[in-house]
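Open your viewer, keep the sequence panel in sight, and let's take a walk together. At each stop there is something to select and something to look for.

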Amino acid sequence: MSVLTRNEAQTRAQFLDVHRYTIDLDLTTGEDTFDSRTVIQFTALAAGDTFVELKPATLRSISLDGHPLDPADLTENRYPLTALTAGPHELRIDAAMRYSRTGEGMHRFTDPTDGETYLYTQLFMEDVQRVFAAFDQPDLKSVFALTVTAPESWTVLGNGIAEHTGDGRWTIAPTPLISTYLVAVAAGPWHSVTTEHAGLPFGIHCRRSLAPHLDADADEILDITRACFDRYHEKFDEPYPFDSYDQAFVPEFNAGAMENPGLVTFRDEFIYRSAVTDTERQTRAMVIAHEMAHMWFGDLVTLAWWDDIWLNESFAEYMGYQTLTEATRFTDTWVDFGVARKGWGYDADQRPSTHPVAPDPAAVPDTASAMLNFDGISYAKGASALRQLVAWLGEKDFLTGINTHFARHKFANATLADFIDNLASATDRNVHAWAEQWLRTTGVDTLTPHVDESDGAWSITIDQQGHRPHRIAVGAYDHALDTQPGPDRLTLRDRFELDVPHNNTAKIHTGRRPALVVPNDNDLTYAKVRLDPESWSTALHTLSGIPDALTRAVIWNTARDMVRDGELHPATYLRTARTHLPHETDLALVQGVLTFADTQITRRYTTPDNRPAAHATLTDLCRDLIRRTEDGTNPGLRLTAVRHLIDAATQPDTIQDWLTNGSVPGGPELDPELRWRILTRLAVLGATDETTITTELEHDPSATGQEGAARCRAALPTPEAKATAWHSLFNDDTLSNYLFSATAQGFWQPEQADLVHTYVPRYYPEATALAARRGPAIAEAAGRYAFPHYAIDTDNLHHGEQALNDPTLIPALHRKLTDQIDDLRRALAVRNAH
């Protein structure tokens with residue numbers, strides 16, 4: 001397949017003006033393909049040659065200005081349009097297109113619960129070519145008018161209001177000017193909840209088998225939607241630019257959500273069929289707010305080329321968290337960002353694959369390379385940079401610049417230079433210099449304070465390892481005078497702002513030195529933080545007694561970074577968690593710390609000899625949390641502790657009793673998520689079998705149940721189970737994206753290292769071949785989930801480093817392997833450091 005290069009896109013943008021796509025889709029032609037008929041009206045601005053993209057199963061006919069062309073001229077995914085004259089043209093294409101089972105193009109899913117079928121599009125980057133012919137690049141915006149034929153019992157959704165005209169025919173209102181990758185269709189027997197807000201129709205939709213669960217949360221979802229919608233209208237001068245707002249929760253979705261204008265698609269795990277914590281509800285709310293922000297930044301104003309993807313994602317990430325804090329009951333969202341999201345950016349920025357938030361255009365020469373930049377840098381680091389920009393610039397000037405940007409580029413495209421110019425027009429500060437230092441550079445700065453005390457005064461200086469300016473707050477804390485059970489408590493003496501490095505001379509304060517001095521106290525900048533020795537000692541003893549959750553998040557991130565950098569023993573991190581999490585009041589912090597303790601400390605950074613002790617510490621901690629919640633006052637904390645106790649179990653008896661009895665003593669009752677979680681752990685421990693898995697699947701034949709069964713079967717510690725799972729992953733190309741991921745998640749287990757060690761060298765060539773056959777979505781899953789994470793040894797490292805030299809590696813897998821191998825190298829270094 002030919003990938004579009006930036007140079008080709010620039011040439012075509014100067015050559016074409018695309019006016020309108022008229023697209024007719026017939027979804028009634030069978031289970032393998034659908035019919036796609038497209039009429040493209042465009043103007044050639046000069047005489048010359050160009051091409052249109054499509055990936056058909058069969059190209060039946062193509063004509064230009066009424067003259068038939070030869071379908072055989074299609075080469076890979078390009079059809080050449082030669083000797084065009086300057087002036088208007090009409091291109092007609094009739095093709096059969098393949099349904100996808102990997103979440104790319106037109107994904108087809110049949111619900112195992114009731115046999116109903118659902119379709120939806122995911123056309124990001126270059127997958128529009130799997131659905132209809134297009135001049136597929138973001139700066140050739142056009143009007144899109146779609147008609148869809150579907151089974152009579154189905155509902156069709158699109159970017160605009162959809163009208164059923166009879167006989168299964170639906171007409172979707174033409175869009176304003178949007179980019180090709182933002183066109184969306186979703187079709188099936190949806191369960192829908194509809195309302196009206198601000199004069200516009202709003203709807204939320206899911207498959208019928210999830211209807212009771214959507215109905216239970218419909219008020220919450222719609223309340224958040226309305227609150228964010230209203231808050232954005234207070235922030236932005238430009239009104240919402242589309243005619244309706246639908247949110248469809250769709251199956252087997254590869255991303256968290258996609259910002260299709262007027263029809264946002266979400267992974268339907270956000271329709272909770274099992275108990276969740278309030279932090280998980282906050283995450284869903286943040287995604288709703290994030291995607292709505294895209295209606296302005298991404299949809300109304302769109303990047304010109306993919307090097308500026310941060311303009312979409314960083315802005316939506318920042319605005320999602322900030323707007324949720326301002327407009328909903330979720331007022332502490334930046335704590336969750338700090339402990340659960342920011343580490344994603346820090347980790348990505350310390351790998352060989354790092355890149356600037358706004359990379360040089362030459363670094364994104366084509367769509368394949370652009371796809372690699374959807375990572376923790378474009379999302380978490382970029383959002384952190386914007387939060388720092390607002391702290392430095394002030395929100396008033398920031399929003400003034402944003403509104404200027406919308407006004408100048410609405411329904412068009414913009415670049416980083418445009419964005420910075422528009423911000424600069426609203427302030428006297430040197431935004432261009434700020435952007436060069438923050439957006440064009442890589443790596444994480446480290447801020448290390450030095451605290452001195454003499455003659456009744458104390459002072460602080462901050463050493464910076466790095467190159468960016470930072471505006472930070474410094475918090476000074478004293479021991480509290482009152483005593484309460486548990487770790488000592490601290491009180492805030494003072495919080496003051498510093499510019500680093502500009503006023504990095506000593507900052508003198510009267511009085512004795514504080515017990516704890518915290519740089520970046522309210523987490524306004526993006527940097528690793530170290531504490532002075534006395535403050536670090538205080539933090540280890542008083543962490544849960546620090547009054548502000550955001551400050552605690554900064555210190556937990558410091559501990560996390562120190563473990564990863566070999567400066568803090570993994571066991572010390574676990575002991576600190578054991579001491580303080582039973583007294584922690586912020587659930588996002590508990591979840592973030594427990595997740596790192598489980599997935600990284602006990603499974604990767606701890607040697608096999610020390611792993612039993614690490615598991616014991618983690619298990620004792622979870623039991624403490626369960627005891628703390630026996631009175632029923634904190635069900636979210638109890639659920640979190642139960643989940644992690646299941647995952648850390650080294651003996652089957654307790655969790656087997658829970659499964660047999662259908663509940664944890666004192667609650668909660670075991671819902672499907674907990675039952676499959678226990679069964680997976682029992683499979684790892686060799687305490688269940690295929691008969692039990694099959695029986696559980698009969699009780700829960702849902703799509704989630706199918707995934708749970710696949711995960712359990714792959715986790716069984718027998719040569720036969722591993723061989724079957726391996727064949728499914730790497731030789732049977734029928735697995736959907738979700739079933740592939742579930743099988744891969746079950747396969748590698750640290751307790752089964754001896755059983756699966758022969759598969760480690762096999763992984764690299766077989767994953768390479770699989771990615772070449774099945775494409776980027778499965779390649780990403782193979783790199784993320786099927787990688788031998790728990791083979792923390794030099795043999796695995798050697799095989800991986802050799803694999804990176806294979807010229808047949810497709811870019812998506814090469815990027816994932818680069819990251820995984822670097823993480824493996826880091827895990828080995830952490831083990832060797834202690």
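Which residue forms a salt bridge with Arg 552? Select Arg 552 and look for Glu 584: the closest N and O atoms of this pair are 2.7 Å apart. Arg 552 lies in helix H12 (residues 549–564), while Glu 584 sits in the loop between helix H13 (570–580) and helix H14 (587–605), so the salt bridge ties together parts that are 32 residues apart in sequence. Both Arg 552 and Glu 584 are buried. Please keep in mind during the tour that this is a predicted model.

**More salt bridges**

Across the whole structure, a search finds 64 salt bridges. For another one, select Asp 127 and Arg 130, whose side chains meet with an N to O distance of 2.9 Å. Is each partner buried or partly exposed? Asp 127 counts as buried, at 12% relative accessibility, whereas Arg 130 counts as partly exposed, at 25%. The cut-off behind these words is that buried means under 20% relative accessible area.

Next, select Asp 24, Asp 35, Arg 37, Arg 60, Asp 94 and Arg 169 together: salt bridges link these residues in a network.

Two members of that network, Asp 24 and Arg 169, also lead to the next stop, Thr 147. This threonine is in strand E10 (residues 143–149). Leaving out residues up to four places away in sequence, Thr 147 touches Ile 23, Asp 24, Leu 25, Arg 169, Trp 170 and Thr 171. For a sense of scale, draw a distance from the C-alpha atom of Thr 147 to that of His 798: the two are separated by 54 Å, and they are 651 residues apart along the chain.

**A kinked helix**

Now select helix H2, residues 211–235. How far apart are the end C-alpha atoms of H2? They are 34 Å apart, which agrees with the 36 Å that its 25 residues should span at 1.5 Å a residue. Follow H2 along to Asp 217, where a kink of about 55° is centred.

**A strand with two partners**

Move on to strand E24, residues 470–479. Eight of its ten residues are buried, so E24 is largely enclosed by the rest of the structure. Show strand E25 (residues 490–500) as well: E24 and E25 pair in the antiparallel sense over ten bridges. Within that pairing, Tyr 477 has Leu 492 as its bridge partner in E25. Then add strand E27 (residues 516–519), which pairs with E24 in the antiparallel sense over four bridges. Here the partner of Val 474 is Pro 519 in E27.

Turn on the side chains of Arg 471 and Glu 497, and you will find a salt bridge of 2.6 Å, N to O. Arg 471 lies in E24 and Glu 497 in E25, so this pair ties together parts that are 26 residues apart in sequence. Arg 471 is partly exposed, with a relative accessible area of 21%, and Glu 497 is partly exposed too, at 45%.

**An open sheet**

Four strands in the order E26-E23-E22-E28 form an open sheet with mixed pairing. Its edge strands are E26 (507–510) and E28 (528–529), each pairing on one side only. Select strand E23 (residues 457–465) with E26 to see an antiparallel pairing joined by four bridges; Trp 458 has His 509 as its bridge partner in E26.

**Backbone details in the loops**

In the loop between E25 and E26, stop at Pro 501. The peptide bond from Val 500 to Pro 501 is cis, with omega near 5°. A cis peptide bond also joins Gly 667 and Pro 668, with omega about 5°. Pro 668 is in the loop between helix H17 (653–661) and helix H18 (672–684).

For positive phi values in residues other than glycine, visit Glu 252, near 55°, and Phe 411, near 60°. Glu 252 is buried, with a relative accessible area of 10%, while Phe 411 counts as partly exposed at 28%.

**Last stop**

Finish at Gln 749, in the loop between helix H22 (737–747) and helix H23 (753–756). At 8% relative accessibility, Gln 749 counts as buried. Its side chain reaches the backbone oxygen of Gln 745 at 3.4 Å. Neighbours within four places in sequence aside, Gln 749 is in contact with Val 684, Ala 715 and Tyr 790.

Terms used:
Residues numbered from 1 in each chain as written. Predicted model: local features only at pLDDT ≥ 70, side-chain atom pairs only at ≥ 80, totals over all residues. Heavy atoms only, no water. Helix = DSSP H or I, 4+ residues; strand = E, 2+ residues; numbered from the N terminus. Expected span 1.5 Å × (residues − 1). Bend = angle between axes of the 7 residues up to and from the residue. Buried < 20%, exposed > 50% of the residue type's maximum accessible area, 1.4 Å probe, protein only. Pairing = 2+ DSSP bridges. Polar contact = N/O pair within 3.5 Å; in protein donor to acceptor, adjacent residues only side chain to side chain. Contact = heavy atoms within 4.5 Å. Salt bridge = Lys/Arg side-chain N within 4 Å of Asp/Glu carboxyl O.
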